[in-house]
Amino acid sequence: MARSTPAERFAAKTSPGPVPAAPGTPDTPCLLWPETSLDRDGYGRFWVDGRVVPAHRWSYEQKRGPIPAGLELDHLCTVRRCVADDHLDPVDHRTNVLRSNGPSAVNARRTKCKAGHNLTDPANVHVSFPPSHPNGMRKCRACARDRARRTREPQLAPVATLPTRTTPERTAA
Ligand SMILES: [Zn+2]
Ligand SMILES: [Zn+2]
């Protein structure tokens, strides 16, 4: 009896998942890798040709061809253990990070900042790449505006409460 091919072993590991719910995500169901074979970042691990490879990358290359050098596969569905090739998009690292901070990914994670502002509105979210956060930093613009207002107010306050000016009395010599 012939041994099963990598494609057969791969197919046997996967199971159909739900259609991702967050807005802006694909409208086809995920294809899920078992939770028991994930790496520490939550991506599927597949043993093939004597080594372990990321299951989603293997899946994509089987269906679509080689991933261009230096590119990462962005999970459009935001589900890391999904291996559906139509949920994967090859992008550079920066784009991957920007998208993971974008409206659909944010929707799937956190929809409000600590102060309760809307983080699903891209106009309210500022992403920067300072040296301390090479993977990108997300900031709420409404909070930044509030902070700026608070630091301005104490400086403005004295103007409104200036005492009425009194003419100093001259004393005759
Ligand atoms: Zn998916
Ligand atoms: Zn905020």
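**Exercise 1.** Find which residues coordinate the zinc ion (ligand 2) and work out the geometry of the site.

*Solution.* Start with the donors: Cys113 (SG), His117 (ND1), Cys140 (SG) and Cys143 (SG) coordinate the zinc ion (ligand 2), at 2.0 to 2.3 Å. Donors here are N, O and S atoms within 2.8 Å of the metal (3.2 Å for Na, K and Ca); water is not among the atoms, so sites may look incomplete.

Before going on, note that this is a predicted model, where local features need pLDDT of at least 70, side-chain atom pairs count only at pLDDT 80 or more, and totals for chains, interfaces and linings use all residues. Residues are numbered from 1 along each chain as its sequence is written, chains are lettered from A and ligands numbered from 1 in the order in which they are written, and side-chain values use heavy atoms, with hydrogens and water left out.

Next, check the angles: they run from 103 to 117 degrees among the four donor atoms, and the site is tetrahedral (four donors with all angles between 85 and 135 degrees). Along the sequence, the spacing of the donor residues of the zinc ion (ligand 2) reads C-x3-H-x22-C-x2-C. Cys113, in the loop between helix 4 (103-108) and strand 7 (125-128), and Cys140, in strand 8 (residues 137-140), are 27 residues apart, and the pair links distant parts of the chain. Helices (H or I, at least four residues) and strands (E, at least two) are DSSP runs, numbered from the N terminus.

Finish with burial: Cys113 counts as buried because its relative accessibility is 11%, and Cys140 is buried too, at 10%. The cut-offs are under 20% relative accessible area for buried, over 50% for exposed, and partly exposed in between (1.4 Å probe, protein chains only).

**Exercise 2.** Do the same for the zinc ion (ligand 1).

*Solution.* First, the donors are Cys30 (SG), Cys77 (SG), Cys82 (SG) and His87 (ND1), at 2.1 to 2.4 Å. Then look at the angles, which are 105 to 115 degrees, and the site is tetrahedral. The donor spacing is C-x46-C-x4-C-x4-H. Cys30 sits in the loop between strand 1 (15-16) and strand 2 (31-32), and Cys82 in the loop between strand 5 (72-75) and strand 6 (88-91), so the pair ties together parts 52 residues apart in sequence. Cys30 is buried at 4% relative accessibility, and Cys82 is buried at 0%.

**Exercise 3.** Locate Asp49 and describe its phi.

*Solution.* Go to the loop between strand 3 (45-48) and strand 4 (51-54), where Asp49 is found. Its phi is near 50 degrees, a positive value in a residue other than glycine. Most residues other than glycine have a negative phi. As for its surroundings, Asp49 counts as exposed, at 71% relative accessibility.

**Exercise 4.** Trace the salt bridge between Asp85 and Arg64, and find the network they belong to.

*Solution.* Begin with the distance: the closest N and O atoms of Asp85 and Arg64 are 2.8 Å apart. A salt bridge needs a side-chain nitrogen of Lys or Arg within 4 Å of a carboxyl oxygen of Asp or Glu. Asp85 lies in the loop between strand 5 and strand 6 and Arg64 in helix 2, so this pair ties together parts that are 21 residues apart in sequence. Asp85 is buried at 15%, while Arg64 is partly exposed at 45%. Finally, add Lys63, and you have the network of salt bridges that links Lys63, Arg64 and Asp85.

Notes:
Four donors count as tetrahedral if all angles lie between 85 and 135 degrees; four count as square planar and six as octahedral if opposite donors are over 155 degrees apart and all others between 65 and 115; anything else is irregular.
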